[in-house]
Amino acid sequence: MAKINKIVIANRGEIALRLIRAAREMGIATVAVHSTADADSMHARLADEAVCIGPPPSKDSYLDKRAIMSVAELTGADAIHPGVGFLAENQEFAEMVEAHDLIFVGPSPRHLGLMGDKIAAKQAAIEAGLPVVPGSDGAISDVDEARKLARDIGYPVLIKAASGGGGRGMKVARSDEELESALSTASREAKAAFGDPVVYIEKYLDNPRHIEIQILADAHGNVIHLGERDCSVQRRHQKVVEEAPSPALSEELRAEIGQRTADAVKFLGYRSVGTVEYLYQDGEFYFIEMNTRLQVEHPVTEMITGLDLVEHQIRVAAGEKLSLRQEDVKFDGHAFELRVNAEHPFNFMPSPGLVTAYHPPGGVGVRVDSHMFAGYRMPPHYDSLAGKIIVRARDRELAIKRCLRALMETHIDGITTNLELHDFILRQDAFRSGDITIHWLEQALEEREVAAGAGK
Ligand code: ADP
């Protein structure tokens with residue numbers, strides 16, 4: 001079995017800190033890479049070594065495969081952890097890493113390729129016995145073909161980009177008239193965002209929840225699931241608050257969908273951590289995609305299982321057998337994650353800049369994963385995630401109170417953040433009852449606007 005002594009952390013921000021923390025506890029030396037914009041950042045400071053790999057734009061630094069390979073070579077690292085985003089799901093990069101006899105902390109390049117193509121992924125899910133959203137079997141290019149299919153599955157339909165991600169490149173069509181322009185807009189946007197115009201069609205589900213299953217698999221065919229996360233609180237198809245367990249699932253249903261997912265992932269021969277995402281409506285699950293990496297929201301699973309997912313991910317990448325069996329996994333309590341973004345809470349304008357004061361919340365059941373500090377200048381070049389407040393309590397009701405308490409303690413000056421949005425969400429009756437869908441937050445925000453307008 002390969003032993004990992006030194007690992008390159010090919011990422012930035014809070015996730016880079018998360019990886020450095022796990023590696024340090026495992027006795028693995030860390031090498032941070034950073035752009036010139038991040039020279040002063042916490043990940044560059046906390047790693048054992050730090051190497052500058054280029055100017056601020058991601059394509060010239062965090063996405064520069066060769067620069068990162070050189071860092072691994074020059075520092076004598078034996079593994080590269082890509083984190084979340086950037087090169088995490090890049091098949092070519094994983095191949096490059098393996099071609100240099102280094103360990104890519106993630107799945108095989110083949111699985112990155114398979115799941116990176118959402119049409120192929122859906123096909124693989126069907127073969128593995130998972131239920132999928134009804135839709136086209138493959139790419140759709142012809143309007144007549146699209147129209148026939150849309151009528152068969154019934155409007156509304158969703159046009160999705162085969163190479164999509166981050167909730168981008170999706171268009172809803174509610175009638176024949178809307179279909180043609182939705183097709184061409186989606187395809188154009190997909191080409192611009194992902195360099196790939198290929199789109200496909202799915203039935204647009206009106207009232208689903210987003211429920212995803214966390215998988216942990218080794219290279220020896222052992223696969224377990226770590227339960228679900230409910231990520232129904234979304235804006236523009238992007239997650240805002242995540243929780244575990246889902247208020248919508250019974251213990252039996254959890255065990256059933258968890259086992260079914262683990263069996264499918266075993267069938268596919270997958271190794272590493274991974275997440276199978278489903279929409280859940282009227283008691284039915286529909287596969288939408290598999291993320292072949294660690295997820296931003298992984299801490300909610302850690303909070304209720306007591307496991308370190310990054311530690312296990314690194315261990316299986318080194319070839320170790322899973323040290324856990326399914327029956328060893330126990331769920332205890334309820335957890336939430338609030339994504340703290342440097343943006344206006346209600347108009348969502350980004351607000352990077354100098355953090356002049358920072359006081360994170362603390363106390364029982366509160367975990368903060370953030371790279372912020374007083375004096376930190378948040379660069380405008382990257383995503384707006386400034387940190388995550390993760391809370392655990394014995395039940396959902398107390399966890400919500402604890403979230404509100406944590407928010408009240410948090411002070412971030414200099415930049416605008418979305419803390420107030422979280423406060424708003426946590427106080428809504430629908431959210432408190434747990435009875436929401438992926439469309440709930442946008443509707444609640446609209447109602448808030450209308451009420452504010454009426455109050456003027
Ligand atoms: P991405 O890779 O861009 O994140 P996903 O396929 O994971 O795309 O979908 C992201 C979100 O888009 C889902 O969580 C859900 O809110 C919405 N979505 C995706 N597919 C459908 C669908 N068929 N019907 C309704 N909403 C959908």
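In this predicted model, a good place to begin is Ile215, which stands opposite Gly274 in strand β12. Ile215 belongs to the strand β9, where it is one of the residues on one of the two faces, and β9 covers residues 209-217. The pairing seen at Ile215 is part of a longer contact, since nine bridges join β9 to β12, a strand of residues 272-281, and the two run antiparallel. Strands of a sheet pair through backbone hydrogen bonds, and they can do so either parallel or antiparallel.

A second partner of β9 is strand β10, made of residues 223-235, and here six bridges make the connection, again with the strands running antiparallel. Within this pairing, Leu216 stands opposite Ile224 in β10. How many residues lie between β9 and β10 in the hairpin that they form? There are five, and in the turn Gly221 has a positive phi of about 90°.

With these partners in mind, one can ask how β9 is placed with respect to the surface. The strand is mostly covered, and nine of its nine residues are buried. The cover extends to both faces: on one side Arg209, Ile211, Ile213, Ile215 and Ala217 are buried, and on the other side His210, Glu212, Gln214 and Leu216 are buried as well.

Strand β12 also holds a residue with an unusual backbone angle. Most residues other than glycine have a negative phi, and most peptide bonds are trans. Ser272, however, has a positive phi of about 100° although it is not a glycine, and its place is in strand β12. With a relative accessibility of 2%, Ser272 counts as buried. Another residue of this kind is Asp282, whose phi is near 50°, a positive value in a residue other than glycine. Asp282 lies in the loop between β12 and β13, the latter being residues 284-291. Is Asp282 buried or exposed? At 70% relative accessibility, Asp282 counts as exposed.

The peptide bonds offer exceptions too. A cis peptide bond joins Tyr155 and Pro156, with omega about -5°, and Pro156 is placed in the loop between α7 and β6, where β6 covers 157-161. A cis peptide bond also joins Ala244 and Pro245, with omega about -5°; Pro245 lies in the loop between β11 (238-244) and α9 (251-267).

From the backbone we can turn to the charged side chains. Side chains of opposite charge can pair when their charged atoms come close. The structure holds 37 salt bridges, and one of them joins Arg147 to Asp144, with the closest N and O atoms 3.4 Å apart. Because Arg147 and Asp144 are three residues apart in helix α7 (residues 143-153), they are separated by about one helical turn. Arg147 is partly exposed, with a relative accessible area of 22%, whereas Asp144 is exposed, with a relative accessible area of 52%.

The side chains of Asp332 and Arg392 also meet in a salt bridge, at 3.5 Å from N to O. Asp332 lies in the loop between α11 (309-317) and β14 (334-341), while Arg392 lies in strand β19 (residues 385-393), so this pair ties together parts that are 60 residues apart in sequence. Arg392 is partly exposed, with a relative accessible area of 22%. In a further salt bridge, Asp369 is paired with Arg367, and their closest N and O atoms are 2.9 Å apart; Asp369 counts as buried, at 3% relative accessibility. Beyond such pairs, salt bridges that share partners join Glu212, Arg229, Lys239, Glu242, Glu277, Glu297 and Arg339 into one network.

Charged residues also gather without pairing in this way. A negative surface patch is formed by Glu442, Glu446, Glu447 and Glu449. Glu442 is found in helix α15, which covers residues 440-454, and it is partly exposed, with a relative accessible area of 36%.

The last part of the tour is an open sheet of five strands, which has the order β3-β2-β1-β4-β5 and parallel pairing. Its edge strands, each pairing on one side only, are β3 (49-54) and β5 (103-104). Five bridges join strand β2, of residues 29-35, to β3, and these two run parallel. In β3, Gly54 is the residue that stands opposite Ser35.

How values were computed
Residues are numbered from 1 along each chain as its sequence is written. This is a predicted model: local features need pLDDT of at least 70, side-chain atom pairs count only at pLDDT 80 or more; totals for chains, interfaces and linings use all residues. Side-chain values use heavy atoms; hydrogens and water are left out. Patches are made of residues with over 30% relative accessible area and no salt bridge: like charges are joined within 9 Å, nonpolar side chains (Val, Leu, Ile, Met, Phe, Trp, Tyr) within 5 Å. Accessible areas come from the Shrake-Rupley method with a 1.4 Å probe; for residues, only the protein chains shown count as cover. A salt bridge is a side-chain nitrogen of Lys or Arg within 4 Å of a carboxyl oxygen of Asp or Glu. Lys and Arg count as positive and Asp and Glu as negative; His and the chain ends are not counted. The place of a charge is taken as NZ of Lys, CZ of Arg, CG of Asp or CD of Glu. Helices (H or I, at least four residues) and strands (E, at least two) are DSSP runs, numbered from the N terminus. Buried means under 20% relative accessible area, exposed over 50%, partly exposed in between (1.4 Å probe, protein chains only). Two strands pair if DSSP finds at least two bridges between them.
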